[in-house]
Amino acid sequence: MVRAYFILLAVASVLTLVFAIPGITLIVLIFTFGFTYPLLFVLPMATLLLWALLPAVLARNSWLRWPALALGLALPSSLLLLPGTADRKAQGLIEAKNPVAAQPVSFTRPSGVEIIRKVSHNPDFYSFDGVRSSLYGEAPCFDICERLLTGGNVTWVRIVLRDDAFANDKAETSARFVLARDADCHALSADFPAEGSTCIRFARDEGQQAALVLDLQDDRVRKDRSTAAWPLDEIGYRTATAHAGDSTDGPILFRGVQLFYERPNGLVVLDPGDLNGDVGGGFALWRTRSVTPPIDLAAAISGLGLALGPTRPIPPKTPGTETKNSIGPPPDAQDAAYVASLLALGPSPYPGSRSNAFAQVVIGWQDKLRRKKPITEADRVILCASLEETFIPTSFWAVQLRNKNLRCE
């Protein structure tokens with residue numbers, strides 16, 4: 001048994017040292033078509049555990065064998081403390097950002113709210129542990145925007161989009177939304193009843209001053225691994241800050257912070273390098289993505305004293321597409337109202353206002369309309385109006401809809 005142990009120790013140690021030579025692991029992976037990939041994890045940990053048993057093996061005939069075993073296993077066992085250490089460090093980094101809990105504020109009612117956000121989330125901000133925080137959706141007037149308007153305390157919401165790369169070279173563009181009722185909704189889309197209906201629509205932005213500004217940011221941390229906050233590697237911060245008044249210079253009423261990071265999970269692995277010039281070599285702590293608790297923006301807004309309406313129900317998926325995750329639900333009357341009201345405003349007279357990013361509202365609606373059965377006469381009228389607007393790019397989806405005999409003569 002002892003002889004077998006020393007043979008295993010020698011073989012594992014030699015293989016580990018060989019694989020740790022820069023470039024060797026990557027070459028082996030290529031020539032074995034990746035089948036040796038599990039060795040990156042198994043080999044170094046097996047070698048570490050074998051060396052941890054060495055004191056106990058040497059003292060096997062002495063009363064010191066148990067203390068020697070405990071001493072030998074102390075090092076690999078200490079690796080299991082790193083995930084918790086990283087999580088505590090993450091919490092400390094969050095606290096260093098000075099989060100502010102939402103407290104009730106007296107707003108002039110009704111009020112206007114400005115929400116500043118990026119066109120889309122940073123793609124680096126994800127994790128694999130089931131914790132998600134969308135914060136805002138892809139549509140300009142996303143869930144919180146709609147709920148503010150239907151809550152009864154807010155008369156308009158201005159959405160300001162950062163990094164609008166569809167046009168104006170990452171300009172900052174904006175649009176205003178208001179709550180409409182009854183005949184106004186029916187005029188936008190005949191699918192709304194003439195009485196008792198409510199909808200949200202685009203409205204002209206005349207620079208009205210907001211009572212509250214919500215600044216939503218995704219900030220990527222760009223730093224070398226050597227300067228990362230041990231024992232974690234920061235990926236980026238998601239922040240939501242509420243300012244009193246009509247600018248981000250106003251007093252802070254709320255600040256929520258979420259950190260995305262990589263942390264060690266207690267295992268040592270071989271560094272394989274990559275195909276972009278990094279030949280790897282040596283050992284590394286195996287890191288996995290993690291994230292601190294998400295920002296509850298809805299709870300924060302309610303805590304400030306602004307009422308939120310219910311979340312808009314998601315329409316059922318078109319029959320035959322229920323099991324296809326890549327196909328979403330068809331558009332509803334509210335989606336049509338967004339398109340019709342944007343078309344009614346026409347192109348913006350201000351270069352920094354509605355851009356092609358907001359025109360994506362129309363193109364996205366045309367895409368979803370292909371999955372609607374049946375397409376109503378109200379939808380056809382709005383579609384035809386969208387095809388006549390020169391500030392809306394002609395989309396591939398519009399051509400497909402025309403092929404479904406949706407004529408606009």
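A charge is taken to sit over a ring if NZ of Lys or CZ of Arg is within 6 Å of the ring centre and within 35 degrees of the ring normal. In the predicted model described here, Lys97 meets this criterion, lying over the face of Tyr237 at 4.4 Å from the ring centre.

Helix H5 comprises residues 82-96, and its 15 residues reach 21 Å from the first C-alpha to the last, close to the 21 Å expected at 1.5 Å a residue. The buried residues of H5 are Leu82, Pro83, Ala86, Ala90, Leu93 and Ile94. These residues cover an arc of only 125° around the axis, which puts them on the same side of H5. An α-helix has 3.6 residues a turn, so residues three or four places apart point the same way. The elements that cover the buried residues of H5 include helix H4 (65-78) together with the strands S6 (233-244), S7 (252-270) and S8 (283-291), whereas the face turned away from the buried side carries the exposed residues Arg88 and Ala96.

Backbone geometry was examined next. Most residues other than glycine have a negative phi, and most peptide bonds are trans. Asn98, which follows H5 and is placed in the loop between H5 and strand S1 (111-118), has a positive phi of about 55° although it is not a glycine. Asp182, in the loop between strand S3 (171-181) and helix H7 (183-188), likewise has a positive phi, of about 45°; at 33% relative accessibility, Asp182 counts as partly exposed. A cis peptide bond, with omega about -10°, joins Lys373 and Pro374, and Pro374 lies in the loop between helix H10 (356-369) and helix H11 (377-388).

Aromatic contacts were also considered, and the count comes to seven aromatic pairs. In one of these, the rings of Phe177 and Tyr338 have their centres 5.9 Å apart and their planes at 90°, so the pair is edge-to-face. This pair links distant parts of the chain, with Phe177 in strand S3 and Tyr338 in helix H9 (residues 333-345), 161 residues apart; both Phe177 and Tyr338 are buried. The rings of Phe202 and Tyr338 have their centres 6.4 Å apart and their planes at 80°, so this pair, too, is edge-to-face. Here Phe202 belongs to strand S4 (residues 198-203) and Tyr338 to helix H9, 136 residues apart in the chain. Relative accessibility is 2% for Phe202, which therefore counts as buried, and 7% for Tyr338, which is likewise buried. Phe177, Phe202, Tyr338 and Phe358 form one aromatic cluster.

How values were computed
Residues numbered from 1 in each chain as written. Predicted model: local features only at pLDDT ≥ 70, side-chain atom pairs only at ≥ 80, totals over all residues. Heavy atoms only, no water. Helix = DSSP H or I, 4+ residues; strand = E, 2+ residues; numbered from the N terminus. Expected span 1.5 Å × (residues − 1). Buried < 20%, exposed > 50% of the residue type's maximum accessible area, 1.4 Å probe, protein only. Arc of directions from axis to C-beta. Contact = heavy atoms within 4.5 Å. Phe/Tyr/Trp six-rings, centres within 6.5 Å; stacked < 30°, edge-to-face > 60°.
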